[in-house]
Amino acid sequence: MSELQVIARHTTAEGERDAVLAILSKLMEASRKEPGNLAFEAYLNIDDPRSYVLLERYTSRAAFTAHRETPHFKELLVGQILPKLESRVIEQYDVVESDEG
């Protein structure tokens, strides 16, 4: 079973950026503590201050599914961040395993 890389591209609604970033900080902290989470980082778009990308890495697809069932995901992302977004695009990639060892 391979690791999973998730790229989430969010654009906040007009006037919601600071509120979203404050909530996002809490989501990142809680998500990093999940047993199947390997990384959870946010990067602000240089050309569009309302846009950011989340780079999330999980031990497996199942770990990502478990992440989406956590109370912090449901409360913070679904309940508080999503209503403040103008757009959201989620991409999922299986990680290619290296032959180096």
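Contact here means heavy atoms within 4.5 Å. You're looking at a predicted model, where local features need pLDDT of at least 70, side-chain atom pairs count only at pLDDT 80 or more, and totals for chains, interfaces and linings use all residues. Residues are numbered from 1 along each chain as its sequence is written, and side-chain values use heavy atoms, with hydrogens and water left out.

**Exercise 1: two helices**

Task: Work out which residues of H1 meet which residues of H3, and how the two helices are arranged.

Solution:

Step 1. Find the helices, which are DSSP runs of H or I with at least four residues, numbered from the N terminus (strands are runs of E with at least two). H1 covers residues 17–32 and H3 covers residues 71–81.

Step 2. Look at the axes, lines fitted to C-alpha atoms over the stretch in contact, with angles from 0 to 180 degrees between N-to-C directions. The two axes come within 10 Å and cross at roughly 165°.

Step 3. Now name the arrangement: under 35 degrees is roughly parallel, over 145 roughly antiparallel, 65 to 115 roughly perpendicular, and the rest oblique. H1 and H3 are therefore roughly antiparallel to each other.

Step 4. List who meets whom. On the H1 side you'll find Val20, Ile23, Leu24, Lys26, Leu27, Ala30 and Ser31, and on the H3 side His72, Phe73, Leu76, Leu77, Gln80 and Ile81.

Step 5. Sort them by class (Ala, Val, Leu, Ile, Met, Phe, Trp, Tyr, Cys and Pro are nonpolar; Asp, Glu, Lys and Arg are charged; the others, Gly among them, are polar). The contact of H1 with H3 has nine nonpolar, three polar and one charged residues.

**Exercise 2: two leucines of H1**

Task: Decide whether Leu24 is buried or exposed, do the same for Leu27, and find their contacts beyond four places in sequence.

Solution:

Step 1. Get the cut-offs: buried is under 20% relative accessible area, exposed is over 50%, and partly exposed is in between (1.4 Å probe, protein chains only).

Step 2. Leu24 sits in H1 and has 2% relative accessibility, so Leu24 is buried. Its contacts are Ala42, Tyr52, Leu54 and Ile81.

Step 3. Leu27 is also part of H1, and Leu27 is buried because its relative accessible area is 0%. Leu27 touches Phe40, His72, Phe73, Leu76, Leu77 and Ile81. From Leu27 to Leu76 you count 49 residues in sequence, yet their C-alpha atoms are 6.3 Å apart.

**Exercise 3: two strand residues**

Task: Which of the three accessibility labels fits Ala39, and which fits Tyr52?

Solution:

Step 1. Ala39 lies in strand E2, residues 37–44. With a relative accessible area of 27%, Ala39 is partly exposed. Beyond four places in sequence, Ala39 is in contact with Leu55, Glu56 and Arg57.

Step 2. Tyr52 belongs to strand E3, residues 51–58. At 4% relative accessible area, Tyr52 is buried. Among the residues that Tyr52 touches beyond four places are Ala8, Arg9, Leu24 and Ile81.

**Exercise 4: an aromatic pair**

Task: How many aromatic pairs does the model have?

Solution:

Step 1. Apply the rule: rings of Phe, Tyr and Trp (its six-membered ring) pair if their centres lie within 6.5 Å; planes under 30 degrees apart are stacked, over 60 edge-to-face, and the rest tilted. The count comes to one aromatic pair.

Step 2. The rings of Tyr58 and Phe64 have centres 5.2 Å apart and planes at 55°, so the pair is tilted.

Step 3. Check the burial too: Tyr58 is buried at 0% relative accessible area, and Phe64 is buried at 6%.
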